[in-house]
Amino acid sequence: QAERLFADIYGALAKQSEHDPTHHALFSRLEQEEIQHAMRINMLRKRYVAMGRDMKAIKLDIAPLQILLKQGEMLKQRLDSGELSGNIPEIAAIIAELERKFAGVHAEMISETADASLRTFFEKLAAQDRGHASLLSQ
């Protein structure tokens, strides 16, 4: 799940930037927000199951999400290997671009679903992704 991956990425960046209070606070905040996103997705899934609905029955094109998830995994590998160690501006730019792409994919998913609660959910995710990209671009 992308949100858990990004929570891990932001958590790793928070640890890397412990000496820099501004970046440490930013990455810690984003880590917590991604954890919240993951919990909300899980709650949505459980709500659908409780209502006797199968989220798999909702036809959404998840291929773009899978591509972005792979890009996030590659970024995490680069961070773990130390390749990007200490280069906060470059890392922030890469993640901001991924957040913008996720916002776009979430917006596409909005248009693909007629389910009002899912549409609202994806609208909120897209807005939060745009907010993360904005924070990272400052």
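Is M39 buried, exposed or partly exposed? M39 comes out as partly exposed, because its relative accessible area is 40%, in between the 20% cut-off for buried and the 50% cut-off for exposed. Keep in mind that this is a predicted model. The chain has five helices and zero strands, and reading along the sequence you get α-α-α-α-α. Here's what else turns up, topic by topic.

**The chain as a whole**

- Of the 138 residues in the chain, 38% are buried.
- Take the contacts between residues at least 6 apart in sequence: 74% of them join residues at least 24 apart.

**Helix α2 and M39**

- M39 sits in helix α2, which runs over residues 21–50.
- M39 and R4 are 35 residues apart along the chain, and their C-alpha atoms are separated by 9.4 Å.
- The length of α2 checks out: at 1.5 Å a residue, its 30 residues should span 44 Å, and the end C-alpha atoms are 43 Å apart, which agrees.
- If you're after the buried residues of α2, they are L26, F27, L30, E34, H37, A38, I41, L44 and Y48.

**Helix α3, a helix with two sides**

- Helix α3 covers residues 63–81, and its 19 residues should span 27 Å at 1.5 Å a residue; the end C-alpha atoms are 27 Å apart, so the two values agree.
- Buried in α3 are L68, G72, L75, K76 and L79.
- Those buried residues cover an arc of only 100° around the axis, so they lie on the same side of α3.
- The general rule behind that kind of pattern is that an α-helix has 3.6 residues a turn, so residues three or four places apart point the same way.
- Flip to the other side of α3 and you find I67, Q77, D80 and S81 exposed.
- Just after α3 comes G82, with a positive phi of about 90°.

**E3 and L125, two buried residues in contact**

- E3 belongs to helix α1 and counts as buried, because its relative accessible area is 8%, under the 20% cut-off.
- Setting aside neighbours within four places in sequence, E3 is in contact with E34, H37, A38, I41, H106 and L125.
- L125 is in helix α5 and is also buried, with a relative accessible area of 1%.
- Not counting residues up to four places away in sequence, L125 touches E3, H37, I41 and H106.
- H37, I41 and H106 therefore turn up in the contacts of both E3 and L125, given that contact means heavy atoms within 4.5 Å.
- L125 and F102 are 23 residues apart in sequence, and C-alpha to C-alpha they are 8.7 Å apart in space.

**The cavity**

- Searching the whole structure gives one cavity of 30 Å³ or more.
- The largest cavity has a volume of about 60 Å³.
- Its lining is made by A2, E3, F6, E34, H37, E99, F102, H106 and D129.
- Helices α1 (2–16), α2 and α4 are the elements giving two or more residues to that lining.
- Sorted by class, the lining of the largest cavity holds three nonpolar, two polar and four charged residues.
- E3 is one of the lining residues of this cavity, and its contacts include the lining residues E34, H37 and H106.

**The second largest pocket**

- The second largest pocket has a volume of about 170 Å³.
- Lining the second largest pocket are T22, H23, L26, I88, P89, A92, L135, L136 and Q138.
- At least two lining residues of this pocket come from each of α2 (21–50), α4 (88–112) and α5 (116–137).
- By class, the lining of the second largest pocket has six nonpolar, three polar and no charged residues.

**S17, between α1 and α2**

- S17 lies in the loop between α1 and α2.
- With 2% relative accessibility, S17 counts as buried, because that is under the 20% cut-off.
- Leaving out neighbours within four places in sequence, S17 is in contact with H23, H24, F27 and I88.
- Among these contacts of S17, H23 and I88 also line the second largest pocket.

Key. Residues numbered from 1 in each chain as written. Predicted model: local features only at pLDDT ≥ 70, side-chain atom pairs only at ≥ 80, totals over all residues. Heavy atoms only, no water. 1 Å grid on protein atoms, 1.4 Å probe; cavity = no way out; pocket = protein on both sides within 12 Å on 5 of 7 lines; lining within 4 Å. Points joined across faces, edges and corners; volume = space filled by probe spheres on them. Helix = DSSP H or I, 4+ residues; strand = E, 2+ residues; numbered from the N terminus. Nonpolar A, V, L, I, M, F, W, Y, C, P; charged D, E, K, R; others polar. Expected span 1.5 Å × (residues − 1). Buried < 20%, exposed > 50% of the residue type's maximum accessible area, 1.4 Å probe, protein only. Arc of directions from axis to C-beta.
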